[in-house]
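The following exercises are to be worked with the sequence and the coordinates at hand. Each task is followed by a solution in steps.

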Amino acid sequence: MIGVDSSEGMLEVCRRRAEHAGVSELLDLRVGDLADPPVPERVTLVTSPFRTLLHLKSDPARLTSLRAARELLLPGGRFVFDVFAPGEEDMRETDGRWLEREPGIWERADWDSEAHVLTLSVRGSGVETTMELAWLQPERWRELLEEAGFNVVASYGWFDRRPYTGGEDIVWVAERGA
């Protein structure tokens with residue numbers, strides 16, 4: 001398995017966890033970027049978990065990264081990723097409030113529904129960070145995937161393959177087109 005991240009610190013966390021699990025010899029970890037991953041190999045599966053594509057704030061940046069993922073794939077290879085599009089109720093219930101998501105880990109969501117940007121702040125154990133995530137409606141993700149040369153195989157409401165029924169989370173499965 002080839003793992004790519006722009007953060008050497010995150011790769012080190014991955015390396016330590018793989019060692020702890022006894023699978024480190026199965027990993028090849030590389031510092032790189034979504035738009036130009038340092039992977040000359042061609043593979044059958046590319047994944048981009050943890051809503052990574054939401055860090056991209058423009059359609060040109062999204063297309064560049066989607067096309068880069070496509071180029072890594074062998075014919076018939078698949079790209080799997082997850083994103084979200086928040087519902088009005090979730091935005092109302094969470095906007096501007098600190099909520100304990102896990103013991104000792106607090107999150108604050110500041111929603112800009114016009115710009116489709118979530119400013120997410122996370123704090124715990126004396127550390128705090130903030131990030132911006134830009135979401136799209138599912139129809140726009142489908143359009144971008146097709147423009148990047150993918151055929152959409154499926155979209156699910158979560159990783160357990162429950163049907164997507166218009167909820168917030170969506171997992172995309174796309175196949176490299178000809």
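## Exercise 1: The start and burial of helix H2

The model is a predicted one. At the N-terminal start of H2, a side-chain oxygen of Ser58 comes to within 3.2 Å of the backbone nitrogen of Ala61.

Task. Determine which residues of H2 are buried and what covers them.

Solution.

Step 1. Compare the span of the helix with expectation. The 14 residues of H2 should span 20 Å at 1.5 Å a residue, and the end C-alpha atoms are 20 Å apart, which agrees.

Step 2. List the buried positions. These are Arg62, Leu63, Ser65, Leu66, Ala68, Ala69, Arg70 and Leu72.

Step 3. Consider the spacing of such positions. An α-helix has 3.6 residues a turn, so residues three or four places apart point the same way.

Step 4. Identify the cover. The elements over the buried residues of H2 include E3, E4, E8, H4, strand E9 (150–156) and E10.

## Exercise 2: Two arginines of H2

Task. Are Arg62 and Arg70 buried or exposed, and what does each touch outside its local sequence?

Solution.

Step 1. Apply the cut-off for burial, which is under 20% relative accessible area. Arg62 has a relative accessible area of 5% and is therefore buried. Arg70, with 9%, is therefore buried.

Step 2. Examine the polar partner of Arg62. The side chains of Arg62 and Asp59 are joined by a polar contact of 2.7 Å.

Step 3. Exclude neighbours within four places in sequence. Arg62 is then in contact with Leu56, Lys57, Ala134, Leu136, Trp141 and Leu144. With residues up to four places away likewise left out, Arg70 touches Ala148, Gly149, Phe150, Arg176, Gly177 and Ala178.

## Exercise 3: The largest nonpolar core

Task. Which residues of the largest nonpolar core touch the most other members, and which element supplies the largest share?

Solution.

Step 1. Rank the members by contacts. The core holds 32 residues, of which Phe79 and Trp141 touch the most other members.

Step 2. Assign the core to elements. At least two residues each come from helix H2 (59–72), strand E4 (73–84), strand E6 (105–112), strand E7 (117–124), helix H4 (138–147) and strand E10 (169–176). E4 gives the largest share, five residues.

Step 3. Inspect the surroundings of Trp141. Apart from neighbours within four places in sequence, Trp141 contacts Leu53, Leu54, Arg62, Phe81, Val83, Leu136 and Trp172.

## Exercise 4: The crossover from E1 to E2

Task. Trace the chain from E1 to E2 and state the handedness of the crossover.

Solution.

Step 1. Establish the pairing. Strand E1 (residues 2–5) and strand E2 (residues 28–31) run parallel and are joined by four bridges. Asp5 has Val31 in E2 as its bridge partner.

Step 2. Follow the connection. The chain passes from E1 through H1 to E2 in a right-handed β-α-β crossover.

Step 3. Describe the connecting helix. H1 (residues 8–21) has 14 residues and reaches 20 Å from its first C-alpha to its last, close to the 20 Å expected at 1.5 Å a residue. Ser7 caps the N-terminal end of H1, with a side-chain oxygen 3.3 Å from the backbone nitrogen of Gly9. Just after H1, Gly22 has a positive phi of about 75°.

## Exercise 5: Hairpins and positive phi

Task. Describe the hairpins formed by E5 and E6 and by E6 and E7, then locate Arg51 and Ser125.

Solution.

Step 1. Take E5 and E6. Strand E5 (residues 98–102) runs antiparallel to E6, with four bridges between them, and Trp98 stands opposite Arg108. Two residues separate the strands of this hairpin, and Gly104 in the turn has a positive phi of about 80°.

Step 2. Take E6 and E7. These strands run antiparallel and are joined by seven bridges; Asp112 has Val117 as its bridge partner. Their hairpin has four residues between the strands, and His116 in the turn has a positive phi of about 60°.

Step 3. Turn to the loops. Most residues other than glycine have a negative phi. Arg51, in the loop between strand E3 (43–48) and H2, has a positive phi near 60° and is partly exposed at 27% relative accessibility. Ser125, in the loop between E7 and strand E8 (127–134), has a positive phi of about 50° and is exposed, with a relative accessible area of 79%.

Key: Residues are numbered from 1 along each chain as its sequence is written. This is a predicted model: local features need pLDDT of at least 70, side-chain atom pairs count only at pLDDT 80 or more; totals for chains, interfaces and linings use all residues. Side-chain values use heavy atoms; hydrogens and water are left out. A nonpolar core is a set of buried Ala, Val, Leu, Ile, Met, Phe, Trp, Tyr and Cys residues joined through side-chain atoms within 4.5 Å. Buried means under 20% relative accessible area, exposed over 50%, partly exposed in between (1.4 Å probe, protein chains only). Contact means heavy atoms within 4.5 Å. A polar contact is a pair of N or O atoms within 3.5 Å; within protein, one must be able to donate a hydrogen and the other to accept it, and residues adjacent in sequence count only if both atoms are side-chain atoms. The expected span of a helix is 1.5 Å times one less than its number of residues. Two strands pair if DSSP finds at least two bridges between them. A crossover is right-handed if, with the strands pointing away from the viewer, the path from the first strand over the helix to the second runs clockwise.
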